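Please find below a colleague's note on the structure, set out as numbered points.

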Amino acid sequence: MTNEELISYLTGKFPEANIKLGSQYVEMTVKADDLHDTALQLRDSEEAAFDYVFCLTGVDYADNMGIIYHIESIKYRHLMVLKVRTADRLNPVIDTVSDVWITAKYHEREVYDLLGIHFNNHTDLRRLFLEDGWGFPLRKDYVDEIRIVER
Amino acid sequence: MSEIREVIINNDRLATDEYLVNMGPQHPSTHGVLRLLVRLEGEKVLNIQPHSGYIHSGIEKMCEAITYPQIIHLTDRMDYLSAHMNNEAVALCVEKALQVEVPDRVKYIRTIMDELARLASHQLWWCVFGMDLGALTTFFYGLRDRELILDIFEETCGARMTVSYNTPGGLMFDIHPNFQKRVKDFIKYFRTKLPEYDKLLSGNVILRERTEGIGHLSLNDAIAFGVTGPSGRASGFSCDVRKNQPYSAYPFVKFNEILDFRCDTLARYEVRIKEMYESLNIIEQLIDNIPEGDYAVKMKGVLKLPEGEFYQRVESARGEFGVFIISDGKKNPYRVKFRSPGFSNLFALNKMTKGHKIADLVAIMSTLDLIIPDIDR
Amino acid sequence: MDFYNFTSLTHSIHEGLAKSFSPFIATTIEWVLVGLAYLTFVALFGLFLVYAERKVCAAFQQRLGPMRVGKWGLLQTIADFIKLLMKELIMPRKADWFLYNLAPFIVIIASFLAIAVLPFAPGLQSLDFDIGVFYLTAVSSVGVIGVLLAGWSSNNKYSLIGAMRSGAQILSYELSVSLSLMTMVVFAGTMQFSAIVEGQRDAWFIFSGHIPAIIAFVVFLIAGTAETNRGPFDLAEAESELVAGFHTEYSGIKFALFFLSEYINLFIVSAVAATVFLGGWMPLHFGNFESFNHVMDFIPPVIWFFMKVLGVMFIIMWFKWTFPRLRVDQILTLEWKYLLPINLINILLMALVVLTKFHF
């Protein structure tokens, strides 16, 4: 599907979501509660078949946390960006999509490790790189005590 | 005696325990500081839990504090064997954001360097793969040839591994006058040496016995785990970014995406060997046709990206490498994410090794071609 | 030929001692002398073997090998040995003290015991049993106890896995080694090493025993390599899998003992192959070519012996530096499903050859 077709397809399928064409890819923002369902539908639908997450990024926006999923369909070779924002910034919680896309399991662990976003229903939510009790370095208010990174 | 007999009869007292072995962080075959928590039953691997983070250097966090041209130098340190591809990804991403079109000369040189770096990386992989299987001689054969590529790198940009040759808008400096001749000499030389690799290792009965049917990773699993690069292509996963979303000079060259549908360790091995031939083909098509022109576009002193999100994928030596920049219009990025191939590949290891022997674990891990700083970043 | 015979020399030493001392003291002095001779030989030859291995391996790998210490790096292994002697002996805290320290000695003693029966030259052999072959197979399998003890007592998981692998491997391959030697015993009609060598005066067994002898030789080489724990059968130490296998926790001189015993075992396997199949110290003789045979006789037996041993050794090193390592189940499959049946049939074949006198 081309980007235009994808937009019209997505608008038909997810009327509540905010869909627009970004600088490169189609971007769809969904509510945190709808995330898991949306992900499942995107993967399982015949026309879209988004089966491959190639990037999963957690971002600290000033007033909440966001997660950005770059997904691709291997069958049709189209890409899109799925975005979601948490309600709370200090204790962000979001549903996991690790049961939809297996690779998300490990990317979510990384996001949890570096940003402190908690994933509901995640089977193995442990820190990946850092020690327990380290803090969440990718948050914008992270205090770098040993001054590795100076701003 | 009666006691022993009792023990044998009461089988539960003779029941064997699982064996928990920490492979790494200092283990000869993890190639860096990776720790695998391996659960064994005798020689059989039951489960693997990778523990990483020993070399986590917070590159993504550091990137938030520095400018775009500076980021390029950090990407060298992630996957040091495909440093040039990582550089290129950042450069392309910034160029895309600023809507700068680089001259064809830059594209050609970048692609040639890409393929040289891929060759060097695959050569080193081949050395190490042989060594992990116990054939120590491969190490010297591979390094012998890799040295020549590194010499070319050194002459071109002064560095052998962490090249940092790209810069937003082009290259750091023009190629050395010798470049074309040296690359051509190398291709001629390496075409005679590649068959040696096959003679020494590929055709070996023991290697075939050790790898055939071992470490099966089905196509669906490869996609689900996001295993890309040669490892993914050996499972039939057509994931070559050079083919699917061509960048730099890849649209101008003819080459094949090497796919294999056997999904085992041998397939991953052969895909890499064939990719070396393919890389030679690509370089041969480009090396005589490098167009004249500037080696870089004149850029502003301080680069400020427009507000927005920019993503660039490139094919590094071990899979799909992605750079995701979120810019808020300042001179340094708001958030940078590197999608490293090794990270996704590592976690498929558990799936692939279940039920195999320890020796197979080493072989399978070797065919995933993990670079630990690439995983930890 | 008699010029090169050591029998008169050893006899004169014995008689000289017997004249001036009581029989008890004379025998004791002889023991000490023989022991010292073997120790010196093993130490020097071990050093030479390490050097040779490094040079051979370097040649396979397109490099020079040690070149800096001494002319062509000749003193390199001596320097390494001195370094090993000065290293601190580290023992894991929870290791079994007694067994941990005992293990290297068992391994090295087993190797020394096996050397005793090898005939280096006419008269240069300390034990000439009539059950020489039997004795050799018996003592050479004692070493595995040391390996198992080392792995067990180190209290290291890698060591234990390595020891278990080594146990399974050596016990299995012991069969093939003994059976292939047994094939040649059937052919020679004796178990005495000196008699076996004497039997090859006209033609080496590998020529006179033709097909079954060649099969036995190949099987012996494979099984012998496996028994010495060398590549491609070096599962017990498998560097890339088990770090260093059973001797992971050993350092300094104790490690050196394991290291040395590996090279002595390499020497023993090559020496046995040379003695039983290639005529030991016997020069190369071809039936009726009198002049050729005479020329060959001028080369001293000791040189013949070592030439053959080094030749076989080179082949074994060649294996090691070319092949990848086998997996543990493949190594057992190779033994139990291929080598053992081949061996059993080969013995029958050899018996037939001997019965029908279809040999040279």
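The points that follow treat the interface of chain B and chain A, and then one residue of chain A.

1. This is a predicted model, in which local features need pLDDT of at least 70 and side-chain atom pairs count only at pLDDT 80 or more, while totals for chains, interfaces and linings use all residues. Residues are numbered from 1 along each chain as its sequence is written, chains are lettered from A in the order in which they are written, and side-chain values use heavy atoms, without hydrogens and water.

2. The contact (heavy atoms within 4.5 Å) takes 40 residues from chain A and 38 residues from chain B. Between the two chains about 3600 Å² is buried, 56% of it from carbon and sulfur atoms; buried area is the accessible area (1.4 Å probe) that two parts lose on being put together, summed over both. B:Lys61, B:Glu309 and B:Tyr334 supply 17% of the area that chain B buries against chain A, more than any other three residues.

3. Five salt bridges are found across the interface of chain B and chain A, by the rule of a side-chain nitrogen of Lys or Arg within 4 Å of a carboxyl oxygen of Asp or Glu. B:Glu309 forms a salt bridge with A:Lys83, with 2.8 Å between the closest N and O atoms.

4. Where does A:Asn64 lie, and is A:Asn64 buried or exposed? A:Asn64 is found in the loop between strand E3 (52–60) and strand E4 (65–72) of chain A (strands being DSSP runs of E, at least two residues, numbered from the N terminus). A:Asn64 has a relative accessible area of 14%, so the residue is buried (under 20%, 1.4 Å probe, protein chains only).

How values were computed. Helices (H or I, at least four residues) and strands (E, at least two) are DSSP runs, numbered from the N terminus. Buried means under 20% relative accessible area, exposed over 50%, partly exposed in between (1.4 Å probe, protein chains only).
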